[in-house]
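These are my notebook entries on a model that I looked through on screen. I record what I looked up, entry by entry.

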Amino acid sequence: MTLDYAIFLISAAVAVFGATMMIMQRNPVASVLYLILSLVAQAVVYVQLGALFLGAILIVVYAGAILVLFLFVIMLLNLRSNPELSASLPPLGWFTKVAVPVLMVVELYFVVDRVIWPPVPTGIVGKNPDFGSVETVATMMFTDYMYPLQLTGVLLLVAVVGAVVIARRESAEPRKTTASPDNRNEQPIDTVAG
Amino acid sequence: MVPIHAYLMLAMILFGIGAFGVLVSRNVIVMFMSVELMLNAANLVLIAFSRALGVVDGHVFVFLVLAVAAAEAAVGLAMIITIYRNRETINIDRYNLLKW
Amino acid sequence: MVDYVSTVNPDFSLIAPELALLIAASLVMVFIPWRRMPVLAPGIIMVGFIAAFAYALGQWGHQSSGFAGMVTCDNFGVMFKLIFIVASVLSILLIGQYMKSRGIDKPEFFVLIAISAIGMMAMANTTDLVVMFIGLEVMSLPLYVLAGFNRRSLESNEAGIKYFLMGAFATAFLLMGIAFIYGASGTTNLRQVVTDFNYIAAGRGMYLYAGVAMIMIGFGFKVGAVPFHAWIPDVYHGAPTPVTAFFSVAPKAAAVAVLLRIFLYGFADVALVTKAFWILAVLTMTIGNILALRQDNVKRMLAYSSIAHAGYILVAITVGTQEAISAAIFYVVAYTFFNLGAFAIIALLETRMGAQSEFSELAGLSKSAPWIAVLLAVFMFALSGFPPTVGFFGKFYIFRAAVESNFITLAVIGVLNSFLSVYYYLRVVKTCYFDDVTEAQKPVFVPATVGLALIITTFGTIGLGLFPQQLLDFTRQAIFAFL
């Protein structure tokens with residue numbers, strides 16, 4: 001067992017552990033923290049595969065910005081641990097819902113296993129030190145991938161507009177409206193201690 | 001040296017956990033985070049293939065996917081805030097005005 | 001220093017329609033705080049759509065690619081661009097009165113529709129999977145927001161969040177599929193995949209199967225094929241009705257465009273694709289129609305019927321001959337007109353206070369608003385596929401193509417399904433004309449914009465039904481340029 005292999009096994013184990021804990025938590029804050037743990041472990045794997053730039057981006061942008069946004073929303077809504085939110089299902093439901101992803105993974109395992117790759121140098125230092133560096137990625141991004149990059153700009157623009165339209169609270173709007181005038185089938189709103 | 005299969009298997013397992021999380025969770029925020037995990041598993045596959053093929057196209061795509069995930073997060077969280085204001089719960093089972 | 005400009009070839013005339021729309025949308029966004037914007041916004045966006053239409057027409061007949069092969073301009077893409085523009089313009093025409101009656105008329109609405117249309121155009125206008133993916137996201141994000149646009153309505157909130165979660169889930173599958181195709185072929189451009197197909201299939205063919213299956217699941221969600229249809233009725237029911245009209249047409253057309261491009265151009269040689277589509281088509285038609293039978297809400301009924309219509313288009317994709325592809329495009333055009341027409345009338349009736357678009361509310365419509373009742377009947381006949389309307393020819397061409405290629409069983413199942421659907425479409429007509437009125441009918445006010453939309457859709461439904469051959473010739477041209 002080489003050092004690379006050991007690093008891979010440890011980070012893979014941490015990534016899977018973090019992901020599993022994330023979906024099992026009752027407390028949304030703990031879920032976010034476990035997802036960050038999993039992402040940090042995945043960043044190590046990225047670096048092993050030569051994606052130095054993306055490994056850094058994954059931590060800075062994903063763990064650092066996107067998941068902090070999640071945390072921010074959870075804090076804003078003041079969500080706390082709630083037994084109602086733990087994953088629980090009737091036995092039959094468990095069976096089908098476990099079976100679907102497990103079957104998928106098993107099937108994909110056989111797919112992956114059928115293709116034989118020539119041994120590829122992986123590890124912190126690969127064959128080509130330029131592979132995955134900022135320069136190579138950026139050159140490609142601003143030449144061949146210019147059009148998708150511009151489209152992504154449009155996407156971010158519309159995300160801002162959309163988020164503002166959906167979440168902005170107008171001054172005239174009362175703080176809590178339980179039903180709109182055009183909503184006839186009003187029913188009592190279950191208030192959960194949240 | 002770690003074979004490329006190992007990385008792909010890790011990605012598959014993470015993808016499966018993400019899909020499972022979307023199916024079983026009742027917390028909208030956790031469902032959403034599971035989807036993000038699935039996107040990350042796909043990113044890992046792209047990066048592993050990039051390495052195996054020796055081209056960086058996959059890296060650029062992953063970068064764009066990260067931007068997509070950020071955009072989705074902004075819109076999705078805005079929606080969660082709105083529905084929480086109206087319903088005061090993030091339990092998906094209680095969003096039951098429409099027959100799901 | 002490499003000369004990047006000449007290798008990349010950034011030819012902006014290829015994306016002129018998208019740019020026109022983007023400029024219009026940006027103008028509205030910049031001036032949103034201006035007080036007169038709510039009045040001006042529809043006009044500005046409309047001008048953008050008209051310019052986009054003109055530019056798209058100008059692209060007809062040209063075949064070229066640019067931006068390092070990321071953009072491919074051909075008749076197929078132009079045809080779908082025109083469909084998206086018509087669907088968006090008709091939806092915008094429906095919106096004014098509906099939104100005002102609910103106090104949610106905001107200029108952002110038009111921006112979201114325009115940017116969604118940009119995403120659809122980008123999807124139709126490329127052979128590259130990366131661009132398709134990003135285009136799909138640019139299309140979908142505004143749609144999630146539009147579904148939840150009526151923030152004060154709990155149903156609209158719920159529709160938004162459900163649509164968002166299902167959409168993001170489907171996106172993850174799609175991305176995984178694209179990743180596997182990248183792994184198999186080392187490229188994301190379908191043109192490259194087609195060129196090297198035999199080499200790829202020999203070496204890493206298994207990845208191709210996995211990728212194709214995942215992409216099929218992802219787009220199955222997007223077009224609403226059974227068993228990935230669960231979100232459709234809820235989202236269509238909860239979203240504001242003009243938005244539902246938009247949902248039921250434009251994103252479906254975009255998904256069909258990409259399905260045709262990926263599966264009939266890119267992976268035409270992957271065995272099993274035909275079988276998988278066969279099963280999807282049969283399930284989608286049959287289950288869509290059976291569930292539509294039991295609905296008491298007109299919007300939900302139309303939601304299930306839109307699932308069934310996606311099934312008919314899947315029949316054409318299963319058959320996959322040139323004739324079938326032109327029939328599929330024909331069907332998408334026809335469906336755009338009559339489905340939007342039907343939703344226009346439902347939206348119109350909903351502007352009456354308290355309307356929930358239940359079947360019972362239609363009773364006595366023939367007396368209180370005879371013209372509206374006549375138009376509703378026309379659209380229902382078109383949806384069920386009666387002859388002089390374009391709905392008949394849409395189905396006829398698809399099933400003819402199926403029979404010609406020996407998909408007899410599929411064609412028979414499709415025809416039986418059409419007969420099944422007649423029941424619930426005619427139930428609408430029956431309620432309008434023959435049911436007793438329980439309470440006094442409120443008069444229906446038809447604003448000028450909705451009137452215009454109704455005239456266009458009626459003209460499309462009946463006019464194209466009288467001259468189907470002309471449209472079919474047009475769609476055939478779109479197919480022979482299938483680059």
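**Entry 1: a loop residue in chain C.** I began with Ala68(C), which sits in the loop between β1 (64-66) and β2 of chain C. I note at the outset that the model is a predicted one. The phi angle of Ala68(C) is near 55°, a positive value in a residue that is not glycine. Most residues other than glycine have a negative phi. I then asked whether Ala68(C) is buried, exposed or partly exposed. I counted 19 other C-beta atoms within 10 Å, and burial requires 20 or more; Ala68(C) is therefore partly exposed.

**Entry 2: the strand that follows.** I next looked up Cys73(C), which is placed in strand β2 (residues 71-73) of chain C. Cys73(C) has 25 C-beta neighbours inside 10 Å and therefore counts as buried. Apart from neighbours within four places in sequence, its contacts are Leu14(C), Gln59(C), His62(C), Gln63(C), Ser64(C), Ser65(C) and Asn125(C). I also checked Gly61(C), which is twelve residues from Cys73(C) along the chain; their C-alpha atoms are 9.2 Å apart.

**Entry 3: further backbone points in chain C.** I looked for other backbone angles worth recording. Asn406(C), not a glycine, has a positive phi of about 65°. Asn406(C) belongs to the loop between α17 and α18 (408-434) of chain C. With 10 other C-beta atoms within 10 Å, Asn406(C) is exposed. I also found a cis peptide bond between Val226(C) and Pro227(C), with omega at about 10°. Pro227(C) is in the loop between α9 (197-223) and α10 of chain C.

**Entry 4: two helix pairs in chain C.** How do α17(C) and α19(C) lie relative to each other? The axes of α17 (residues 390-404) and α19 (residues 448-466) of chain C come within 7 Å and cross at roughly 55°. The two helices are therefore oblique to each other. From α17(C) the contact uses Val390(C), Phe392(C) and Phe393(C), and from α19(C) it uses Thr461(C), Leu464(C) and Gly465(C). By class, I recorded four nonpolar, two polar and no charged residues in this contact.

I then turned to α6(C) and α11 (residues 241-266) of chain C, which pack at about 170° with their axes 11 Å apart. An angle over 145 degrees counts as roughly antiparallel, so α6(C) and α11(C) are described in that way. On the α6(C) side I listed Met132(C), Met139(C), Leu143(C), Leu146(C) and Ala147(C); these meet Val243(C), Phe247(C), Pro251(C), Ala254(C) and Val258(C) of α11(C). The contact has ten nonpolar residues, no polar ones and no charged ones.

**Entry 5: the nonpolar core.** Which residues have the most contacts inside the largest nonpolar core? They are Ala316(C), Ala328(C) and Ile398(C), in a core of 310 residues. Helix α14 (residues 322-350) of chain C gives the most to this core, with 22 residues. Domain 1 (1-84) and domain 2 (145-179) of chain A both contribute to the core, so it lies between them. I then followed Ala328(C). Leaving aside neighbours within four places in sequence, Ala328(C) is in contact with Val256(C), Leu260(C), Ile313(C), Ala316(C), Ile317(C) and Ile398(C).

**Entry 6: chain A.** I looked up the secondary structure of chain A and found six helices and zero strands. Along the sequence the pattern is α-α-α-α-α-α. Chain A has 194 residues, of which 32% count as buried. Of the contacts in chain A between residues at least 6 apart in sequence, 62% join residues at least 24 apart.

**Entry 7: contacts between chains.** For chains B and A, the contact takes 64 residues from chain B and 80 residues from chain A. On the side of chain B, α1 (4-24), α2 (28-53) and α3 (57-87) each supply at least two residues. The most come from α3(B), with 25 residues. I recorded this side as 45 nonpolar, twelve polar and seven charged residues.

For chains C and B, the contact takes 30 residues from chain C and 34 residues from chain B. On the side of chain C, α6 (129-147), α7 (154-185) and α10 (231-238) give two or more residues. Here α7(C) gives the most, with 17 residues. The side of chain C divides into 17 nonpolar, eight polar and five charged residues.

Notes:
Residues numbered from 1 in each chain as written. Chains lettered and ligands numbered in written order. Predicted model: local features only at pLDDT ≥ 70, side-chain atom pairs only at ≥ 80, totals over all residues. Contact = placed C-beta atoms within 7 Å. Helix = DSSP H or I, 4+ residues; strand = E, 2+ residues; numbered from the N terminus. Nonpolar A, V, L, I, M, F, W, Y, C, P; charged D, E, K, R; others polar. Axes fitted to C-alpha atoms, helices over the stretch in contact; angles between N-to-C directions. Parallel < 35°, antiparallel > 145°, perpendicular 65-115°, else oblique. Core = buried A, V, L, I, M, F, W, Y, C linked by C-beta atoms within 7 Å. Buried ≥ 20, exposed ≤ 12 C-beta atoms within 10 Å, placed from the backbone. Domains from an automatic or database assignment.
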